[in-house]
Amino acid sequence: MIIFGQHPVKDLLLNSSVRVKRIYVKNKSILDELVKINKSIQNIDLLKISEKDFYDLTKSNSHQGLAAEIDTPKLYGYSDFKKNIDKFGRIIVVIDHINDPHNLGAIIRSCVFFNIDTIIIPKNRTASITPGAIKSSAGAIFKSTIYEVPNLKNILIELKKMDYWVIGADIHGENINSAIFDQYTDAKLVIVLGSENKGISKIIKKNCDLIARINNSGKTDSLNVSVASGIFLNRFS
């Protein structure tokens, strides 16, 4: 997988869990700066390539003369979920068919900020781990355990058996700041976030124990899902 742009590549070099296989530069003068970030860069293949080669490599004009080839982040499957279910943390985030990989990356970044490791996404008809998602996560994807599963409803049923409460984010729910939710601040929780356009699907909403909304005082009734995720996680973490 190719990651490009100075901030995304530098974020990756700061993350010791990411194996960088090759670095591409337009100008070798940036090398000293990269070595200061991660001394092991000296042991990585470095290639100086032209502007045209950069475009061919990244399919973008916003590469900023720097790119890195990395291993694709590992995704875990349903069998891994079943094997590890009794080891999950207090809060799990389930993302119901989100469309934009940048939003996915931003949500994962929020999860890492709030020390939430386990994230579950559907296997089909959804954004997955792309260079855009990695860029938006600022490398946080490599600090997360992401499960890609065929059926989110079954996942919620399994988690309820493990004493998790499931709280869905929806504009028709109870105000997230209501005292109703105070009793769940120390409980085992699954936070379910829906897609940008449709929100949580009907079948997933039916399998939620509670529905919460972010109270608005402005002229719009909804937030970008990545922004909403930070507010939800802050409320319950």
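**View 1. Helix 7 lies across five strands, among them strand 6.** Welcome to a predicted model, in which local features need pLDDT of at least 70, side-chain atom pairs count only at pLDDT 80 or more, and totals for chains, interfaces and linings use all residues. Residues are numbered from 1 along each chain as its sequence is written, and side-chain values use heavy atoms, with hydrogens and water left out. Helix 7 (residues 152-161) lies across strand 5 (91-95), strand 6, strand 7, strand 8 (165-175) and strand 9 (189-193). Relative to strand 6, helix 7 runs at about 150°. Axes here are lines fitted to C-alpha atoms, for helices over the stretch in contact, and angles run from 0 to 180 degrees between N-to-C directions. Contact means heavy atoms within 4.5 Å. Helices (H or I, at least four residues) and strands (E, at least two) are DSSP runs, numbered from the N terminus.

**View 2. Helix 9 lies across four strands, strand 10 among them.** Helix 9 spans residues 225-236 and also lies across strand 5, strand 8 and strand 9. Its direction is at about 165° to strand 9.

**View 3. Six strands form an open sheet with parallel pairing.** Follow the strands in the order 7-6-5-9-8-10; two strands pair if DSSP finds at least two bridges between them. Strand 7 (145-149) and strand 10 (210-213) stand at the edges with a single partner strand each, so one side of each is left without a neighbour in the sheet. From one strand to the next, the twist averages 30°. At one edge, strand 6 (residues 118-122) and strand 7 run parallel and are joined by five bridges. Here Pro 122 has Val 149 of strand 7 as its bridge partner.

**View 4. Helix 5 packs its buried residues against strands and helices.** The 13 residues of helix 5 (residues 101-113) should span 18 Å at 1.5 Å a residue (1.5 Å times one less than the number of residues), and the end C-alpha atoms are 18 Å apart, which agrees. Buried residues (under 20% relative accessible area, 1.4 Å probe, protein chains only) include Leu 104, Ile 107, Ile 108 and Cys 111. The buried residues of helix 5 pack against strand 5, strand 6, helix 6 (131-137), strand 7, strand 9 and helix 9. Asp 100 caps the N-terminal end, with a side-chain oxygen 2.8 Å from the backbone nitrogen of His 102. After helix 5 comes Asn 115, with a positive phi near 60°.

**View 5. Ser 60 is buried in a loop.** Look between helix 3 (51-58) and strand 4 (66-70) for Ser 60, whose relative accessible area is 12%. Ser 60 touches Phe 4 and Tyr 55, not counting residues up to four places away in sequence.

Note on methods
Buried < 20%, exposed > 50% of the residue type's maximum accessible area, 1.4 Å probe, protein only. Polar contact = N/O pair within 3.5 Å; in protein donor to acceptor, adjacent residues only side chain to side chain.
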